[in-house]
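Reader: Got a minute? I'd like to go through this one with you, pockets and interface both.
Author: Sure, let me put it up.

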Amino acid sequence: MGKLELLQTLTGHVGRVWSAAWHPGGKVFASCGEDKTIRVWTKTDTDRWVAQTVLTDGHTRTIRDVAWSYCGHYLASASFDTTVAVWDKKSGEFECNATLEGHDNEVKSVTWSRSGNLLATCSRDKSVWIWEINHAPDQEDEYECVAVLNGHTQDVKKVCWHPQEDLLASASYDNTIRMYRQDLADSEWEMLEPLESHSSTVWSIAFDVTGKRLASCSEDKTVKIWQQYGPDNTLGIPCPERGTVWKCVCTLSGYHSRSVYDIDWCKQTGLLATACGDDMVRIFKEASDSDPNEPTFELVVTIEAHSQDANKVTWHPTVAGVLLTTSDDGEIKVWQYVDAD
Amino acid sequence: MTELENVNPNVYKKSEDRKVTKADEDEDVVDPFDEREIFDLIRNINDPEHPLTLEELHVLEQSLITVDNEKNIVNILFTPTIPHCSMATLIGLSIRVKLLRALPPRFKVSVEINPGTHASEHAVNKQLTDKERVAAALENTHLMEVINQCIGMPLK
C-alpha cells in the first residue's frame, strides 16, 4: 500500500475546476474552469504555490482544458465557446496571440505533439482537428488546419498525443478510442481501427512512458489497459499490413463507484492515478510479477481527495510522486505519493 | 411551440401538503433530507407544453425518488407522458437544474427515465448523466430561459 500526503490546497477559481496542466519544467502549472479564467501558478520563496497570473480575456464560456507545448513557450486553452486560444510570453506577459476557430461546437480537449509543431483539438461536433504550427522567426506563428477527422459518431471528450511519435489518440461519448497517424506515402492523416471495449463514454486516455500501452477510463466505472502489438508479436495476434494493433489486456472493474473522469500514467514511476465522480482519487501499481500480456494492477491508494467530483489528475513531469488534482468543489490540490513498502 | 405532442394527457390529483410535526419546528433537531422533501422541491416544476405541473402529469412521483442522506445520493426516476416525448431531455434537465440550485453541493443527483417508459431511454439517460454536456447546456441562454420558465412556480 501507499499514501497520498496533501502538500497544498489551492483556491481562487470560482466554481468547478475542470483541468490543470504542468509546465514541462515542472515549476509552473496552469488551471482552468467554469469561471472562464486560466490561472498560472508558480512557487514562492516559501515553497507555496500562488496564482501569479490570471488570464481572463481569452474566452467567453467555460474553459474545459489547458495544455503546455513541450518547449514550454506556449499554452493552449480549449473552451465551450468553440475556440482554442494559444498564449505565449513573447512580449514578457502572457498574451493570447492566436485563436483557432473552426469547430462547430464546444471544444473539449487540446494537446501538443512531442515534436511541438502539431496541435490537436476535439469537440462536441464529433470531429478531431490537427493543426500545424509554422514558427516564423520575428513574425507571428501561423496555425493551419491540416486534417479534420470524422471517425467518431459522437461528442469527442479527449485527445492525447503519443509520447514520442506523431500518433494521436482520441476518446469519445461513442464509447470508443480512435488513433490517427500520417500515411507516409501521401502524408494524409489516416484513422486506424477503433479500440472497442468500454460500454459507455470514454472520458480520458493516457499513454505510458514507452507509448506502447494506453490506459483509458470511462463512465462505465472501469479502467482499461491497452497494449500495442506489432507484426512480429509472439502471441500470433494478426496485424494489418505494416501496421500495429491495440488490444485490451486488462480491465480494472469494481474499484470505482461512479464515472471515472480522468486518468494519468506517471512517466517516472509507472503509477496510474484516476479521478472519479465519487470524489476519490485512486492510485494503481502494476504487480511485480505482472505478465505483460495479461498485466495485473493493485490498488495502492484510495483517498477522499475532494468534497465533490474529482475532474483531473496529472503527475508532475520531473518530480516522482507529485500529483495535481482538480474538482467540482473549486479546489486544486497538490499531493505527494509515498510508497509504504 | 406550434403543435402539442400529447394533446390529451392524463391529469392526476396533487398530493396533500406535508404535515409539519413538532420535531420539524425544533431548531435543535437535525432534519435529514428525505423523499418527501425532494419531491416537494420538484413536484411543481411545469411541463414544457402544458400549464400543468410534473406531479399532475405523473411525470414525477414520490415513490420513484430515493434518497440516501448520509451517502449524499438522490436518485429520481421520471415518467414521460408518452414514449416518444421529445421533451424528455428538457424535463430531465429542468429537474437536474432545480435540484442543483436547491440542494447542498454534497449531493450526487441522478435523474433518469423510469425504465421502460421511453423509446430512447438509454440515450436520454446518457445525456442527463453527462455532467460536461449538462454544464454546456446550462451556459446556453436560450435553453436556460426555457428551463427557468419550467422551474418557476405555476401561474395561478
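Reader: How much space lies in the second largest pocket?
Author: About 900 Å³. Keep in mind that this is a predicted model.

Reader: Which residues are closest to its centre?
Author: Trp22(A), Tyr70(A), Asp264(A), Lys267(A) and Thr314(A). In total, 41 residues line that pocket.

Reader: Which elements give two or more residues to that lining?
Author: Strands of chain A. They are S2 (17–22), S6 (63–68), S10 (107–112), S14 (156–161), S19 (202–207), S23 (260–265) and S27 (310–315).

Reader: And the lining by class?
Author: There are 24 nonpolar, 10 polar and 7 charged residues in the lining of the second largest pocket.

Reader: OK, what volume does the largest pocket have?
Author: About 1100 Å³.

Reader: Which residues lie nearest the centre of that one?
Author: Asp309(A) from chain A, plus Arg96(B), Val109(B), Thr129(B) and Lys131(B) from chain B. The lining of the largest pocket counts 43 residues.

Reader: What does chain B supply there, element by element?
Author: Five elements of chain B each bring at least two lining residues: strand S2 (73–78), helix H3 (88–102), strand S3 (108–113), helix H4 (121–129) and helix H5 (131–138).

Reader: Class split for the largest pocket?
Author: Its lining has 15 nonpolar, 13 polar and 15 charged residues.

Reader: Back to Asp309(A). What does it form with Lys131(B)?
Author: A salt bridge. The closest N and O atoms are 3.2 Å apart. Both residues are also among those nearest the centre of the largest pocket.

Reader: How many salt bridges are there between chain A and chain B?
Author: The count is 10. On the side of chain A that touches chain B, the classes are 5 nonpolar, 8 polar and 14 charged residues.

Reader: Polar contacts across the interface, how many residue pairs?
Author: 17 pairs between the two chains, with both residues at pLDDT 80 or more.

Reader: And how big is the buried area?
Author: About 1700 Å² between chain A and chain B. Carbon and sulfur atoms give 42% of that. By contacts, 27 residues of chain A meet 14 residues of chain B.

Reader: Switching topic. How many salt bridges over all chains?
Author: The structure holds 27. One that pairs two chain A residues is Asp262(A) with Lys312(A), at 3.8 Å from N to O.

Reader: Which parts does that pair tie together?
Author: Asp262(A) sits in strand S23 and Lys312(A) in strand S27 of chain A, so the bridge links parts that are 50 residues apart in sequence.

Definitions and conventions
Residues numbered from 1 in each chain as written. Chains lettered and ligands numbered in written order. Predicted model: local features only at pLDDT ≥ 70, side-chain atom pairs only at ≥ 80, totals over all residues. Heavy atoms only, no water. Contact = heavy atoms within 4.5 Å. Buried area = accessible area lost by both parts, 1.4 Å probe. Salt bridge = Lys/Arg side-chain N within 4 Å of Asp/Glu carboxyl O. Polar contact = N/O pair within 3.5 Å; in protein donor to acceptor, adjacent residues only side chain to side chain. Nonpolar A, V, L, I, M, F, W, Y, C, P; charged D, E, K, R; others polar. 1 Å grid on protein atoms, 1.4 Å probe; cavity = no way out; pocket = protein on both sides within 12 Å on 5 of 7 lines; lining within 4 Å. Points joined across faces, edges and corners; volume = space filled by probe spheres on them. Helix = DSSP H or I, 4+ residues; strand = E, 2+ residues; numbered from the N terminus.
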